[in-house]
Amino acid sequence: MSKRVAVAAANWKMNKTVAEAAAYMTELSAAMKDVSGPVEVVVFTPFTCLARAAELAGAAGVGGQDCYWADSGAYTGEVSVAMLKDVGCTHVLVGHSERRRRFGVPEPELTGELGEVFGDNDFTVNRKLLAGVAGGLTPCLCVGETLAERQRGEIDAVIEIQLRRGFQNVDAGTAARMLVAYEPVWAIGTGEVCDADEADRVCGVVRRAVAAIYDAATAEAVRILYGGSMKPDNVEGLVARANIDGGLVGGAALKMETFRPIIQACAAR
Ligand code: PGA
């Protein structure tokens, strides 16, 4: 069994009102009391729900789904790390593929000029990560290849470059305490889960890249989550693998009925 404590992270995306968030967090606290085994739970909510979610979070962490790197200023529509801290956040998600120009996501209406609104790249993601760290949040850095990159056999190279750029100027101690989520873009919200052997292989690529950037101890400590259509019926097979330390869960984390078994499987691994 791994020495690393598993992480079950919920990414609500653009879902839930404040009232729904409160009901969910209350259910989550109850569910966490029944879980046996070590596990960390983090819930990434829309900005509008964060304050209420943090009030009711109990032992769970709460995080923003994005942040901006400046402390304050003329950045209409952005939210700073200090603002996330102010409402009780512990974590921040950076570089989710749905914020990186939605590449690979089959939504024809969001290509071209409309797609430009989702503007993150490896360099903005690095700034957001550094701002999160400087502000005392634990970042969860998302990486992953598109279907086209997979078909061209570029998976490992894409992951390595995303990590090298994402971790620029991040010291080893910080990297060791961070979360990295491997989310193959083609598996997100599609119901098409990456099979456990391949998910473990690519999480191993992530771990080796961290070892190459830093050292073996940092790679051994960093928690690497799998994300992309994780569900109660595939979670056990995924988190049983040596390199998968938990999940970043979208659809199945919206209801406690499906998130609770995922938390339990993470705790039991
Ligand atoms: P999904 O989303 O579980 O709905 O595929 C995962 C994610 O995008 O973080």
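**Is tryptophan 69 buried, partly exposed or exposed, judged by its relative accessibility?**

Let's start with this one as a warm-up. Please keep in mind that the model is predicted.

*Step 1.* Recall the cut-offs: buried means under 20% relative accessible area, exposed means over 50%, and partly exposed lies in between.
*Step 2.* The relative accessibility of tryptophan 69 is 27%.
*Step 3.* Tryptophan 69 therefore counts as partly exposed.

**Exercise 1. Sort the ring pairs around tyrosine 68 into stacked or tilted.**

*Step 1.* A search of the whole structure gives 5 aromatic pairs. One of them joins tyrosine 68 to tryptophan 69, with 4.3 Å from centre to centre and 25° between the planes.
*Step 2.* Planes under 30 degrees apart count as stacked, so this pair of tyrosine 68 and tryptophan 69 is stacked.
*Step 3.* Now take tyrosine 68 with tyrosine 75: the ring centres are 4.7 Å apart and the planes meet at 35°. That angle falls between the limits of 30 and 60 degrees, so the pair is tilted.
*Step 4.* Put the pieces together: Tyr68, Trp69 and Tyr75 make up one aromatic cluster.
*Step 5.* Add the accessibility of the two tyrosines. Tyrosine 68 is buried at 15%, whereas tyrosine 75, at 38%, is partly exposed.

**Exercise 2. Describe the largest nonpolar core and the surroundings of leucine 28.**

*Step 1.* Begin with a general idea: in soluble globular proteins, nonpolar side chains tend to be buried together.
*Step 2.* Here, the largest nonpolar core holds 72 residues, and Tyr24, Leu28, Phe167 and Phe259 have the most contacts inside it.
*Step 3.* Helix 9, which spans residues 196-213, gives the most to this core, with 8 residues.
*Step 4.* Look around leucine 28, leaving aside neighbours within four places in sequence. Leucine 28 touches Val41, Val43, Ala60, Met256, Phe259 and Ile263.
*Step 5.* Apart from the largest core lies another one, of 11 residues, including Val42, Phe44, Ala181 and Leu225.

**Exercise 3. Compare leucine 147 and leucine 179: which is buried and which is partly exposed?**

*Step 1.* Find each leucine. Leucine 147 belongs to helix 6 (residues 147-151), and leucine 179 to strand 6 (residues 179-182).
*Step 2.* Check the relative accessible areas. Leucine 147 has 42%, so it is partly exposed; leucine 179 has 2%, so it is buried.
*Step 3.* List what surrounds leucine 179, again without neighbours within four places in sequence. Its contacts are Val7, His91, Pro139, Cys140, Leu141 and Arg223.
*Step 4.* Set sequence beside space. Leucine 147 and alanine 187 are 40 residues apart in sequence, with 8.9 Å between their C-alpha atoms. Leucine 179 and histidine 96 are 83 residues apart along the chain, and 13 Å separates their C-alpha atoms.

**Exercise 4. What are the volumes and linings of the largest pocket and the largest cavity?**

*Step 1.* For the largest pocket, the volume is about 610 Å³. Among its 24 lining residues, Phe47, Gln65, Asp66, Arg99 and Phe118 are the closest to the centre.
*Step 2.* Sort that lining by class: 9 residues are nonpolar, 7 polar and 8 charged.
*Step 3.* Turn to cavities. The structure has 1 cavity of 30 Å³ or more, and the largest cavity has a volume of about 50 Å³.
*Step 4.* The largest cavity has 11 lining residues, with Gly95, Ser97, Arg100, Val143 and Gly144 nearest its centre. By class, this lining has 4 nonpolar, 5 polar and 2 charged residues.

Key
Residues are numbered from 1 along each chain as its sequence is written. This is a predicted model: local features need pLDDT of at least 70, side-chain atom pairs count only at pLDDT 80 or more; totals for chains, interfaces and linings use all residues. Side-chain values use heavy atoms; hydrogens and water are left out. A nonpolar core is a set of buried Ala, Val, Leu, Ile, Met, Phe, Trp, Tyr and Cys residues joined through side-chain atoms within 4.5 Å. Buried means under 20% relative accessible area, exposed over 50%, partly exposed in between (1.4 Å probe, protein chains only). Helices (H or I, at least four residues) and strands (E, at least two) are DSSP runs, numbered from the N terminus. Contact means heavy atoms within 4.5 Å. On a 1 Å grid over the protein atoms alone, a cavity is a set of points where a 1.4 Å probe fits but cannot get out, and a pocket is an open set with protein on both sides within 12 Å along at least five of seven lines; lining residues have an atom within 4 Å of a point. Grid points are joined across faces, edges and corners, and a volume is the space filled by probe spheres set on the points. Ala, Val, Leu, Ile, Met, Phe, Trp, Tyr, Cys and Pro count as nonpolar, Asp, Glu, Lys and Arg as charged, and the others, Gly among them, as polar. Rings of Phe, Tyr and Trp (its six-membered ring) pair if their centres lie within 6.5 Å; planes under 30 degrees apart count as stacked, over 60 as edge-to-face and the rest as tilted.
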